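Here is a walk through one protein chain, with a few stops at its helices, its core and its charged pairs. Have the structure open as you read.

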Amino acid sequence: MVFPHMVIPLFVGRDKSIAALEEAMAADRDILLATQKEARVNDPGPDDVHTVGTIGAIIQLLKLPDATVKVLVEGRGRARLTSYLATDRYFLVRAEEVPEPVDVPVQARALMRTVVDGFAEYVKLNRKLPSELVGSAQTIDDPGRLADTIAAHLSIKTADKQGLLETEDPEQRLEKLYELMKAEIEVLEVEQKIKRRVKKQMEKTQKEYYLNEQMKAIQKELGETEDTQNEIRELAQRIQAKEMPDDVKEKTRKELQKLKMMSPMSAEATVVRNYVDWILDLPWNEVTEDKVNLTEAEVILDEDHYGLKEVKERIVEYLAVLKLVGITKAPILCFVGPPGVGKTSLARSVARATGRNFVRLSLGGVRDEAQIRGHRRTYIGSMPGKILQSLKKAKSSNPVFLLDEVDKMSMDFRGDPSSALLEVLDPEQNDTFNDHYLDIDYDLSRVMFITTANYLPNIPPPLKDRMEVIQIAGYTELEKLNIAKRHLVRKQLEANGLKDAHVQFPDGSLLEMIRRYTREAGVRNLERTIASICRKIAKEVVKEGGPSDKGTRVSLAMVHKFLKAPKYKYGVVEEKSEVGYATGLAWTEVGGELLGIEVVLLPGKGNLTITGKLGDVMMESARAAVSYVRSRAERLGLERDFYQKIDIHIHVPEGAIPKDGPSAGITVATALTSSLTGIPVRKDVAMTGEITLRGRVLAIGGLKEKLLAAHRGHLTTVLLPKENEKDFLDLDLPRSILKEIQIRYVDHVDQVLEAALETEDPRTILSGHHGEPRSVEEILGLPPQPLLVPPEPPAAPQIQ
């Protein structure tokens, strides 16, 4: 569309329009330019053309090779079509010019300034228009011409432009123009926002692309391949697929993002990659389904272990609660007992009975707290602690976790590992266990922790308080026999390439090995003894070219042949009752033991010597026993000052083995009394109990282990403190043992002496009716000394 006062080039292709231009060039070069109502009409008629147009003068006409015409036209003013004179070859019309007002009112000038300012804003937003147009518009004084000039440069619809052309009043034209211009400005602003946003996104994408290309180029120069990028993509896929808490997943993604920006050859990249791998390898929500069939669990526990009734009941109780509640915190059990009783294998059996994975961690010799909690990532070669490392091996977050030898931990300048275990073994706080390496909370509440120990006092009290302690005593002779028949023999036959049909172990041979070749609370040495016989039989089978049809029956003679001379005596400890020797009972980490105590009296000046590598508590207990015997000298038929002329030597054999504890007090008192009175101690009596200066007998521990030791030694009578009578019902001893051992409870040393010393009438020992007190010579077994009479002084000389 052509506005007045504008010069614009036009391209004309219709025949009628070209004919009209040629006619105008032949005449005065004036032409009326009117807009077609519908551009789609190829052959318009008078009704298809607007009635208001622009009178223009043809400045230049140029015919183009494609039969079209390029014409340069200058608009001179508005005109209104009044009639059509011809329409055949071209449109010939009659038109009247629309005059422009000459006066410019003040309101029009104000409106002109507003329009010019708006046009300046429009030009600023529309980069297609040169900024010089604003300066040209500011120099125009005529409102109509200003409106036509600006309208010609606006990107508005043809209908809107036609409306401006048909508006004769300049002020109204300026107002319409300003409205259209403001609408276009708003559209341009929105376009600018969209362009900026798209540009920013494109710049970010282009930047990332450019940086990635640069990274690839650098890696290519360094000789690296695309393995690193493939690894990062693989890590991203694993993070997406891994089931873990949201905060853990978010932290892992941040670490992966840092890894992308690092050089693969840097040390920090290796640290971050290892960190991400550890997080992805840990079982966060991977759990195994618990078996809640109580009958099946009991069968599995009985298959794997003989006896151990209390432990099996506790596991079945846990499964019963789990079946009723659905989800419950796993118990934290502590199996305490001597070596070889099956604590470790029992934990493995618990895992099989509950249907859980099993993992074991030995704490023996651990002295660094970081082995439990891990090292921080700032250290070179840092790793998570053993807890999370073991869970990675278990591949589930609810395994049976065995912490073996929890009483063998120690501490040094690197920290106390037992203190780090306080959080691990506390059901109230182990659901947020924080490893120093990961620095992320990990839920340990679903883990079933089982700890083992040989010596309960070595476990720190705060740690022991967090666990449910289950005592596992040593096995009886009958239990060892059953374990050997059910498990050990079959295991060793298989290990040595033999079969049950080829080798048979009768009960008598197994009992011989139990009684005379092993002396232990567990069955480890028994298993080694059976393995030794199996190896010797395997050697003979190989030499003979194969097993015989009859098989091999391991008789007593074969046991003696293969194992040589017996290592231990079976029967009473001593062949006869002796003076100054008493048999006590001791508890050790490997079970109960017989403890012989010897007393020897020597001429001297009242010195007391105690030997046998004894601890402070046992030394004090021995001194207390000596003091008690001295206080009972008259009732024992001894001289009041007997101790001033003799030396007492108390010895506990096996001097290389450390011994401690107060339970040997009554044994020392009995051996000393026997030595002083010359009365032998019964060979078939064993005793244990702490002594006081008043002669009271106090309670002791390790009762079951001590009774088993007495049974192994074939002692028929055991003297126990009266206070331990209440503990007897919890021992769960077999009836066969109770039939062979007579248990007597005592609360005073006088009762001990009456039961232990071998005399016709025990009541006379402390009756005080012994005639003359025993002299030191009698006590020491020395001949009596002759009475020395001083010679009479010589008579005084008589003076004559």
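Helices here are DSSP runs of H or I at least four residues long, numbered from the N terminus. With that in hand, and keeping in mind that this is a predicted model, let's start at helix 19.

**Helix 19 and the core around it**

Helix 19 has 21 residues, and its first and last C-alpha atoms sit 30 Å apart, close to the 30 Å expected. Just past its end, Gly545 takes a positive phi of about 85°. The buried residues of helix 19 include Leu526, Thr529, Ile530, Ile533, Ile537 and Val541. An α-helix has 3.6 residues a turn, so residues three or four places apart point the same way. Glu527 and Ser532 are also among the buried residues of this helix. The cover over that buried set includes helix 17 (477-495), helix 18 (507-516) and helix 20 (556-563), along with strand 13 (503-504) and strand 14 (552-553).

Which residues touch the most other members of the largest nonpolar core? They are Phe505, Met513, Ile530 and Ile533, out of 53 residues in that core. Helix 19 supplies the largest share, seven residues. Apart from this core lies another one, of 50 residues, with Leu259, Cys334, Val424 and Leu456 among them. Nonpolar side chains tend to be buried together in soluble globular proteins.

Met513 shows how the larger core is wired up. Setting aside neighbours within four places in sequence, Met513 is in contact with Phe505, Thr518, Leu526, Thr529, Ile530, Ile533, Val559 and Leu563.

**Helix 12, for comparison**

Helix 12 (residues 343-354) has twelve residues and spans 17 Å from first C-alpha to last, close to the 16 Å expected. Right after helix 12 comes Gly355, with a positive phi of about 75°. Among the buried residues of helix 12 are Leu346, Ala347, Val350 and Ala351, and Lys343 is buried too. They pack against helix 10 (294-304), helix 11 (309-325) and four strands' worth of neighbours, including strand 6 (333-336) and strand 7 (358-362).

Positive phi also turns up away from glycine. Most residues other than glycine have a negative phi. Glu405 has a positive phi near 55° and sits in the loop between strand 8 (400-404) and helix 15 (417-424). Its accessibility is 23%, so Glu405 counts as partly exposed. Lys564, with a positive phi of about 65°, is in the loop between helix 20 and strand 15 (581-588). Lys564 is exposed, at 60% relative accessible area.

**Charged pairs**

The salt bridges come to 34 in total. Three of them are set out here.

| Pair | Closest N to O | Relative accessible area |
|---|---|---|
| Glu100 and Arg173 | 3.4 Å | Glu100 31%, Arg173 1% |
| Arg373 and Glu423 | 2.4 Å | Arg373 15%, Glu423 13% |
| Glu540 and Lys561 | 3.9 Å | Glu540 28%, Lys561 54% |

In the pair of Glu100 and Arg173, the partners are 73 residues apart, with Glu100 in the loop between strand 5 (92-98) and helix 2 (106-125) and Arg173 in helix 6 (residues 170-221). Both also belong to a salt-bridge network with Arg78 and Asp148.

Arg373 and Glu423 form a salt bridge between helix 13 (residues 370-373) and helix 15, across 50 residues of sequence. Arg373 is buried, and so is Glu423.

Glu540 and Lys561 bring us back to where we began: Glu540 is in helix 19 and Lys561 in helix 20, so this pair ties together parts 21 residues apart in sequence. Glu540 is partly exposed, while Lys561 is exposed.

**A buried acid without a partner**

What does Asp647 lack, though it is buried? It has no salt bridge, and the nearest side chain of opposite charge, Lys605, is 8.9 Å away. Asp647 lies in strand 18 (residues 646-651), and its side chain reaches backbone instead: the nitrogen of Lys605 at 3.0 Å and the nitrogen of Asn607 at 2.8 Å. Beyond its sequence neighbours within four places, Asp647 is in contact with Val600, Leu601, Leu602, Pro603, Gly604, Lys605, Gly606 and Asn607.

Technical notes:
Residues numbered from 1 in each chain as written. Predicted model: local features only at pLDDT ≥ 70, side-chain atom pairs only at ≥ 80, totals over all residues. Heavy atoms only, no water. Helix = DSSP H or I, 4+ residues; strand = E, 2+ residues; numbered from the N terminus. Buried < 20%, exposed > 50% of the residue type's maximum accessible area, 1.4 Å probe, protein only. Lys, Arg positive; Asp, Glu negative; His and termini not counted. Salt bridge = Lys/Arg side-chain N within 4 Å of Asp/Glu carboxyl O. Polar contact = N/O pair within 3.5 Å; in protein donor to acceptor, adjacent residues only side chain to side chain. Contact = heavy atoms within 4.5 Å. Core = buried A, V, L, I, M, F, W, Y, C linked by side-chain atoms within 4.5 Å. Expected span 1.5 Å × (residues − 1).
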